[in-house]
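Got the viewer open and a selection box ready? Let's take a short walk through this one, stop by stop.

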Amino acid sequence: MNYTETLDYLYTQLPMFTRDGASAFKKDLTNTIALCELLDNPQHKFKSVHIGGTNGKGSTSHMLAAILQVAGYKTGLYTSPHLRDFRERIRVNGQMISEQTVIDFVAANQAAFKQIQPSFFEMTVALAFDVFAKEKVDIAVVEVGLGGRLDSTNIITPLLSVITNIGWDHMNMLGNTLELIAGEKAGIIKPGIPVIIGEHQSEVADVFIDKARKEGSKISFASEAKPKVKSKKSEDSALLEVSLETSDPELQPFNFQLDLTGTYQLKNVKTVLTAVDELRKQGFNITDEHIATALKQVKTLTGLHGRWETLSTRPLTICDTGHNPDGIQEVMKNIAAVQYNHLHFVIGMVNDKDSSKVLSMLPKDATYYFCKPDIPRGLDAEILQEQTAAFDLRGEIHPSVKSAFRAAQQAAGDHDLVFVGGSTFVVAEVV
């Protein structure tokens, strides 16, 4: 099979969350363990950092990988989902794996797939770990797919575990309280392995503290650490000026620029810097200069897209993958900080989530362009329009994301704002 045929095989033969939703989420690690045993357990052959959480885990993973890369370490990066190309999920020093690597892996393991019947995600994790072992990476940054305890990535024993935060998402699989969701995320805390929690949230902090105590793991909360992180817009709109402010005379002030300009990234930066401090304690040579150099060019170094990303300037057009209540809340804060005459909102969602919390947060004075992301789980634009009517959100239905995007840009004046979001899969069609 060529690359296109190989992907068609993977997309049609293996249970896939994008297509099948909850039924593709395996409730144990059996398949991943079986696949990796066939591959001679590659997960034991490289060092790693494991990063989970509801929001920010992708950005945090990319920032940390960029820093390690600039510091001279051969760095693997595993993230999901991809936006355009399947190979975005697996990178070494920022470079996507080759099409031939995917072809060869599937060809070599097709018989095992028939026997084990892994999900698409389980297969992808096995491929990533096989690549990282064969490439002899110095360290891999591994993002959790969904949850933590039962996620396929949870067969690694990392140097460090990171959990960014807890919010409402995937309740049908992880639980319908924040405590239950936190319990699933806390499943990546391993015996004796330090864990960093990005945000101290009073509702769930004890879940992590209790789990860390049970595992004998040192725990720290990045949001509680000194110094404080402050930001201001740079003269270059593509960069965010960030400063670490402290009253401790022994700590040097540290200023740098970040090419991820969403203000919510400040929480993630604090988490990343706390993780770097822990890796330094474990012997990694990472200087402040490495950090500053990396954070100014995360998108270039690691290929990250879709995080408060400017697509054009006239009209100003921005997209963001935030899609759950906490993610949309951050998007609304960033929209509020932009000066514009009128907001044009291109929106699409998936069909297996309760959208009411998100819809209740959206501005009523915007013009909406309803569309369906081009995936089987996409919510029909007609149904989305019906749901939004209860929240007094008005707009027209469009046959595709791209047609909605074109209509919004054509209708917008030079001083208007076009925003594209509601789902990662909507953003994937415009970046």
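**Stop one: a pair of helices**

Select helix α4 (residues 57–70) together with α10: their axes come within 9 Å and cross at roughly 45°. The two are therefore oblique to each other, and the crossing of α4 and α10 is right-handed. Keep in mind that you are looking at a predicted model.

Now switch on side chains. On the α4 side, pick S59, T60, M63, L64, I67 and L68. Facing them from α10 you'll find Q265, N268, V269, T271, V272, A275, V276 and L279. What classes of residue make up the contact of α4 with α10? Nine are nonpolar and five polar, with no charged ones.

**Stop two: the sheet**

Hide the side chains and colour by strand. You should see an open sheet of eight strands with mixed pairing. Reading across, the order is β4-β3-β2-β5-β1-β6-β7-β8. The edges are β4 (95–96) and β8 (219–221), each of which pairs on one side only.

Zoom in on the β8 edge. Strand β7 (residues 195–197) runs parallel to β8, and three bridges join the pair. For a landmark, click I197, which sits opposite F221 in β8.

**Stop three: helices on the sheet**

Stay here and add helix α9 (residues 205–215). α9 packs on the sheet and touches β6 (160–163), β7 and β8. Its direction makes about 155° with that of β8.

Next, bring back α10 from the first stop, this time as residues 265–281. Which strands does α10 touch? The list is β1 (48–52), β6, β7 and β8. Compare directions with β6 and you get about 170°. So α10 has two sets of partners to look at: α4, which it meets through residues such as V272 and A275, and the sheet, on which it packs.

**Stop four: another helix pair**

Finally, select helix α5 (residues 99–116) and helix α6 (residues 120–134). Their axes come within 11 Å and cross at roughly 125°, which makes α5 oblique to α6. This crossing is right-handed.

Show side chains once more. From α5, the contact is made by T101, V102, F105 and F113. From α6, the residues are M123, A126, L127, D130 and V131. Sorted by class, the contact of α5 with α6 has seven nonpolar residues, one polar and one charged.

How values were computed: Residues are numbered from 1 along each chain as its sequence is written. This is a predicted model: local features need pLDDT of at least 70, side-chain atom pairs count only at pLDDT 80 or more; totals for chains, interfaces and linings use all residues. Side-chain values use heavy atoms; hydrogens and water are left out. Two strands pair if DSSP finds at least two bridges between them. Helices (H or I, at least four residues) and strands (E, at least two) are DSSP runs, numbered from the N terminus. Contact means heavy atoms within 4.5 Å. Axes are lines fitted to C-alpha atoms, for helices over the stretch in contact, and angles run from 0 to 180 degrees between N-to-C directions. Angles under 35 degrees count as roughly parallel, over 145 as roughly antiparallel, 65 to 115 as roughly perpendicular and the rest as oblique. A crossing is left-handed if the near helix is turned anticlockwise from the far one by less than a right angle, and right-handed if clockwise. Ala, Val, Leu, Ile, Met, Phe, Trp, Tyr, Cys and Pro count as nonpolar, Asp, Glu, Lys and Arg as charged, and the others, Gly among them, as polar.
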